[in-house]
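This report describes the structure shown below for a reader who has not met it before. Please keep the model at hand while reading.

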Amino acid sequence: PMQLPGHLAVNYIIWLLVFGNTTDNLLPYLIASVAIDIDHVIPLHNDKIRPSASGWRTRMHELYGMAAISVPTAIVWFFDNNLARVIGLALLLNYTADFFVGE
């Protein structure tokens with residue numbers, strides 16, 4: 001499965017291809033690239049309970065998580081369209097990478 005360093009690397013390559021070598025909104029982009037994977041922290045503490053990889057995906061990787069992350073992004077849209085686009089791209093790439101290389 002795709003882990004945090006993998007998401008950061010893939011998303012940074014996409015960043016360079018789409019936006020070039022700029023740092024405008026790069027930090028929010030990188031944070032959004034891994035924000036969905038906050039659910040990885042819980043199973044690290046519960047390895048004895050759920051030793052299989054099936055415990056690594058929680059609601060953040062389902063429709064619930066997509067809605068929970070998309071609503072704040074939509075709110076950001078009203079204040080800064082470009083920032084919302086950057087965050088949306090990062091989130092979309094995270095879900096896409098997990099879909100293609102996930103379990």
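Asparagine 25 is partly exposed, because its relative accessible area is 21%, a value that falls between the limits of 20% for buried and 50% for exposed. Asparagine 25 sits in the loop between α1 and α2. The model is a predicted one, and in it the phi of asparagine 25 is near 65 degrees, which is a positive value in a residue other than glycine. Most residues other than glycine have a negative phi.

**The chain as a whole**

The protein chain contains five helices and zero strands. Along the sequence these elements follow the pattern α-α-α-α-α. The chain has 103 residues, of which 29% count as buried. Where contacts join residues at least 6 apart in sequence, 61% of them link residues at least 24 apart.

**Helix α5 and its partners**

Two packed helices are described by the angle between their axes and the distance between the axes. The table gives both values for two pairs that involve α5.

| Helix pair | Axes come within | Crossing angle | Hand of crossing |
|---|---|---|---|
| α1 (residues 4-19) and α5 | 10 Å | roughly 130 degrees | right-handed |
| α2 (residues 26-35) and α5 | 8 Å | roughly 30 degrees | right-handed |

How are α1 and α5 set relative to each other? With axes that cross at roughly 130 degrees, α1 and α5 are therefore oblique to each other. On the α1 side, the residues that meet α5 are His7, Asn11, Ile14, Trp15 and Phe19, and their counterparts in α5 are Val86, Leu89, Ala90, Leu93, Asn94, Ala97 and Asp98. By class, the residues of this contact comprise eight nonpolar, three polar and one charged.

The contact of α2 with α5 brings Pro28, Tyr29, Ala32, Ser33 and Val34 of α2 against Leu83, Val86, Ile87, Leu89, Ala90, Leu91, Leu93 and Asn94 of α5. This contact has eleven nonpolar residues, two polar ones and no charged ones.

**Two buried asparagines**

Asparagine 11 belongs to helix α1, and asparagine 94 to helix α5. Is asparagine 11 buried or exposed? Asparagine 11 counts as buried because its relative accessibility is 0%. Asparagine 94 is likewise classed as buried, because its relative accessibility is 0%.

What does each of them touch once neighbours within four places in sequence are set aside? Asparagine 11 is in contact with Tyr29, Ser33, Ala90, Leu93 and Asn94. Asparagine 94 touches His7, Asn11, Ser33, Val34, Ile36, Asp37 and His61. The two asparagines thus appear in each other's lists, and Ser33 is named in both.

**Tyrosine 95**

The residue that follows in the numbering, tyrosine 95, also lies in helix α5. Tyrosine 95 has a relative accessibility of 16% and so counts as buried. Apart from neighbours within four places in sequence, tyrosine 95 is in contact with Ile36, Met60, His61, Glu62, Gly65 and Met66. One of these, methionine 60, is 35 residues away along the chain, and the C-alpha atoms of the two residues are separated by 10.0 Å.

**Helix α4**

Helix α4 covers residues 63-79, a run of 17 residues. From its first C-alpha to its last, α4 reaches 25 Å, close to the 24 Å expected at 1.5 Å a residue. Which residues of α4 are buried? Gly65, Ile69 and Thr73 are buried in this helix. The cover over the buried residues of α4 includes α5 (81-101). Gly65 also appears among the contacts of tyrosine 95.

Valine 76 is found in helix α4 as well. With a relative accessibility of 23%, valine 76 counts as partly exposed, because only values under 20% count as buried. Not counting residues up to four places away in sequence, valine 76 touches Leu83 and Ala84. Its C-alpha atom is separated by 9.3 Å from that of isoleucine 87, eleven residues apart along the chain. Isoleucine 87 is named, too, among the α5 residues that meet α2.

Note on methods: Residues are numbered from 1 along each chain as its sequence is written. This is a predicted model: local features need pLDDT of at least 70, side-chain atom pairs count only at pLDDT 80 or more; totals for chains, interfaces and linings use all residues. Side-chain values use heavy atoms; hydrogens and water are left out. Helices (H or I, at least four residues) and strands (E, at least two) are DSSP runs, numbered from the N terminus. The expected span of a helix is 1.5 Å times one less than its number of residues. Buried means under 20% relative accessible area, exposed over 50%, partly exposed in between (1.4 Å probe, protein chains only). Contact means heavy atoms within 4.5 Å. Axes are lines fitted to C-alpha atoms, for helices over the stretch in contact, and angles run from 0 to 180 degrees between N-to-C directions. Angles under 35 degrees count as roughly parallel, over 145 as roughly antiparallel, 65 to 115 as roughly perpendicular and the rest as oblique. A crossing is left-handed if the near helix is turned anticlockwise from the far one by less than a right angle, and right-handed if clockwise. Ala, Val, Leu, Ile, Met, Phe, Trp, Tyr, Cys and Pro count as nonpolar, Asp, Glu, Lys and Arg as charged, and the others, Gly among them, as polar.
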